[in-house]
Amino acid sequence: MPNFGLHGNWKRFLSYEVFERVASRIVMLFISIIIVYSIVLMAIDLFDLFKINRTYIDTESMREVFGSILTILILIEFNHSIALALSRHTGVLQAQPIVLIAILVIARKVILLYFTTATFEQLVGVSAVALAFGLLLWLINARADLPEARLPD
């Protein structure tokens, strides 16, 4: 069996793996705190909106609440991707979850975009970025389907 020069250095890699896991858990804790804080702020804003405006039909208020909800969902997905990487014993930075989160951020931008005031350049820019990330996700999935890309059992 080939040595690859790692025979004496395996403890160094093991210690880095432990460091990565501890750092990932700390990042997860911080993201969880941000999620809880965002939910509390959104609940306070909703309570104020219900208290002040009983009809609650204002488009701007709905847009702000929906933006907050989407932001919280993006944070939850980010936290979930880190938890999934930790449970699978893979590296924390995986390309597919990062691209999916980026697509969620772009979708949030498109949903909250004022189409009446948006310029043509803004629409083309957001469309190009969305198309590029969609293509990137397709390429990642196509690469994962190749037999040489699969990990042995």
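Select I26 to begin: this residue is partly exposed, with a relative accessible area of 41%, where buried means under 20% relative accessible area, exposed over 50% and partly exposed in between, for a 1.4 Å probe and protein chains only. The model is predicted, and local features need pLDDT of at least 70, side-chain atom pairs count only at pLDDT 80 or more, and totals for chains, interfaces and linings use all residues. Residues are numbered from 1 along each chain as its sequence is written, and side-chain values use heavy atoms, with hydrogens and water left out.

Next, select residues 10–52, which form helix α1, where I26 is found; helices are DSSP runs of H or I with at least four residues, and strands are runs of E with at least two, numbered from the N terminus.

Now colour the whole protein chain by secondary structure, which comes to four helices and zero strands, in the pattern α-α-α-α along the sequence. Of the 153 residues in this chain, 20% are buried.

Return to I26 and add V18, V22, L29, F30 and I33, which together with I26 make a nonpolar surface patch of about 560 Å². Such patches are made of residues with over 30% relative accessible area and no salt bridge, nonpolar side chains being joined within 5 Å; a salt bridge is a side-chain nitrogen of Lys or Arg within 4 Å of a carboxyl oxygen of Asp or Glu.

Finally, select R63 and Y114: R63 lies over the face of Y114, at 4.1 Å from the ring centre, the cut-offs being CZ of Arg or NZ of Lys within 6 Å of the ring centre and within 35 degrees of the ring normal.

Methods. Patches are made of residues with over 30% relative accessible area and no salt bridge: like charges are joined within 9 Å, nonpolar side chains (Val, Leu, Ile, Met, Phe, Trp, Tyr) within 5 Å. Accessible areas come from the Shrake-Rupley method with a 1.4 Å probe; for residues, only the protein chains shown count as cover.
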